[in-house]
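Visitor: I should like to learn how to read the open and enclosed spaces of a protein model. May we go through one together?
Guide: Certainly; let us look at it first.

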Amino acid sequence: MISFLDLKKINQPYETAFQEKLKTVLDNGWYILGNEVENFEKAFAEYCHSEYCIGVGNGFDALVLIFKGYIELGILKKGDEVIVPANTYIASILAILQADLIPVLVEPRLETYNINPDLIPEKITSKTKAILAVHLYGQLAEMEKINEIAQKHNLVFVEDCAQSHGAINNQQSTINNSKSASAYSFYPGKNLGCLGDGGAVTTNDAELAKMLFSLRNYGSQKKYYNDYVGVNSRLDELQAGFLNLKLPNLDADNQKRRNIAKRYSAEIKNEKIILPNWNFSNNHVFHLFVIRTKNRDDLQNYLAQNNIQTVIHYPVPPHKQNAFSSETSGWNTLSFPITEKIHNEVLSLPMSPVLEDPEVDFIVEVLNRY
């Protein structure tokens with residue numbers, strides 16, 4: 001079986017270094033917010049061309065804390081509306097709700113699976129105070145257009161970068177206006193993944209950064225003195241140590257993903273299969289290589305019979321989840337035809353920096369025979 005994602009194989013080259021890092025952390029005797037976290041925050045901020053990086057417990061917390069930070073700063077208030085793509089992973093929407101804000105769903109472009117900027121203005125009301133752009137599957141959303149809308153309407157601009165570590169647009173991984181922040185996840189399966197949960201926020205906003213350093217640590221800037229109602233969401237010292245070892249290889253790993261994506265794009269020739277829309281720039285890091293087909297379940301079964309493991313990202317769109325039934329938000333009755341089409345047709349092929357050429361050869365051959 002060709003694995004969809006072989007995490008053991010991805011992490012195997014680091015095994016000795018991981019063990020040495022564990023010993024270093026043990027010998028230091030400082031296990032929470034120590035040197036490893038501080039070093040990673042500095043390195044990742046530099047990597048992302050940002051002034052500040054705040055390590056937190058996971059990518060979900062990164063989003064929640066951004067919104068709560070802006071609420072504490074008085075830039076947002078509970079009940080404000082946040083524009084968000086309708087086809088995102090549900091975590092993006094749950095983070096908005098967790099911060100007591102109201103998500104407003106906007107359809108994506110069918111070609112890119114990212115939010116359609118042309119549809120954003122019609123959803124903006126007097127209550128709209130923020131836009132959450134999600135770089136789904138590893139491809140940057142249309143940053144310039146979204147940023148222009150955000151600045152025109154004086155909106156907070158937040159990026160969900162959980163799947164887009166290292167994606168570059170105009171030589172920068174993010175666009176930072178005066179009110180912006182980016183949330184990252186280091187879940188093991190991400191392009192930059194640790195061996196457990198982990199996350200971070202990057203920003204150029206000094207006030208927001210100061211607030212987030214406090215909120216992640218019980219709302220405290222000085223031990224036992226609490227200025228805000230914060231949480232316990234700190235990037236683990238050991239996980240930060242592992243990330244410090246892997247970060248220098250991120251760009252090379254992303255290029256391996258792009259090389260595989262180029263092969264898939266050039267060699268898969270089957271009219272039943274719709275390939276990703278990509279201009280071959282570095283704006284895509286292919287966290288996932290997602291195809292579409294009208295006979296998704298049949299194709300997935302066919303591939304499984306040929307020992308190729310695939311995954312559906314994601315089978316149920318957020319507005320059709322039981323969590324948003326008529327008894328709660330009433331979203332289940334809403335219609336988002338493009339979103340629903342995407343969720344009914346997408347299938348993710350094996351994609352990782354350790355996928356070997358013969359495996360790609362076989363995947364292409366099997367798909368072309370379908």
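**Pockets, cavities and a buried lysine**

Guide: The largest pocket holds about 640 Å³ of space. It is lined by 31 residues, and Tyr89, Gln163, Ser185, Tyr187 and Lys190 are the closest to its centre. Two or more lining residues come from each of α4 (59-72), α5 (90-98) and β6 (180-185). This is a predicted model, in which local features need pLDDT of at least 70 and side-chain atom pairs count only at pLDDT 80 or more, while totals for chains, interfaces and linings use all residues. Residues are numbered from 1 along each chain as its sequence is written, and side-chain values use heavy atoms, with hydrogens and water left out.

Visitor: What is a pocket, and what is a cavity?
Guide: Both are sets of points on a 1 Å grid over the protein atoms alone: in a cavity a 1.4 Å probe fits but cannot get out, whereas a pocket is an open set with protein on both sides within 12 Å along at least five of seven lines. Lining residues have an atom within 4 Å of a point. Grid points are joined across faces, edges and corners, and a volume is the space filled by probe spheres set on the points.

Visitor: Where does the largest pocket lie with respect to the domains?
Guide: Domain bounds come from an automatic or database domain assignment. Here the assignment gives domain 1 (7-247) and domain 2 (250-369), with C-alpha centres 24 Å apart. The contact between them, meaning heavy atoms within 4.5 Å, takes 37 residues from domain 1 and 36 residues from domain 2. The largest pocket lies between the two domains, because both give residues to its lining.

Visitor: Is lysine 190, from that lining, buried or exposed?
Guide: Buried means under 20% relative accessible area, exposed over 50%, and partly exposed in between (1.4 Å probe, protein chains only). Lysine 190 counts as buried because its relative accessibility is 16%. Lysine 190 is found in the loop between β6 and β7 (199-203). Beyond neighbours within four places in sequence, its contacts are Ala162, Gln163, His165, Ser185 and His287.

Visitor: Which features does UniProt place at Lys190?
Guide: An unreviewed UniProt entry records "active site" at Lys190, and also "modified residue: N6-(pyridoxal phosphate)lysine". UniProt positions are given in the numbering used here, feature names are shortened, and annotations may be inferred rather than shown by experiment.

Visitor: How many cavities of 30 Å³ or more are there?
Guide: The count is two. The largest cavity has a volume of about 110 Å³. Among its 16 lining residues, Ile10, Lys190, Asn191, Lys246 and Asp253 lie nearest its centre. Because both domain 1 and domain 2 contribute to its lining, the largest cavity lies between them. The second largest cavity holds about 60 Å³, and its lining includes Glu111, Tyr137, Pro276 and Phe289.

Visitor: What of the second largest pocket?
Guide: The second largest pocket has about 310 Å³ of space. Of its 14 lining residues, Leu33, Asn217, Ser220, Lys223 and Arg234 are the closest to its centre. Strand β8 (residues 220-222) gives the most to this lining, with three residues; strands (E, at least two residues) and helices (H or I, at least four) are DSSP runs, numbered from the N terminus.
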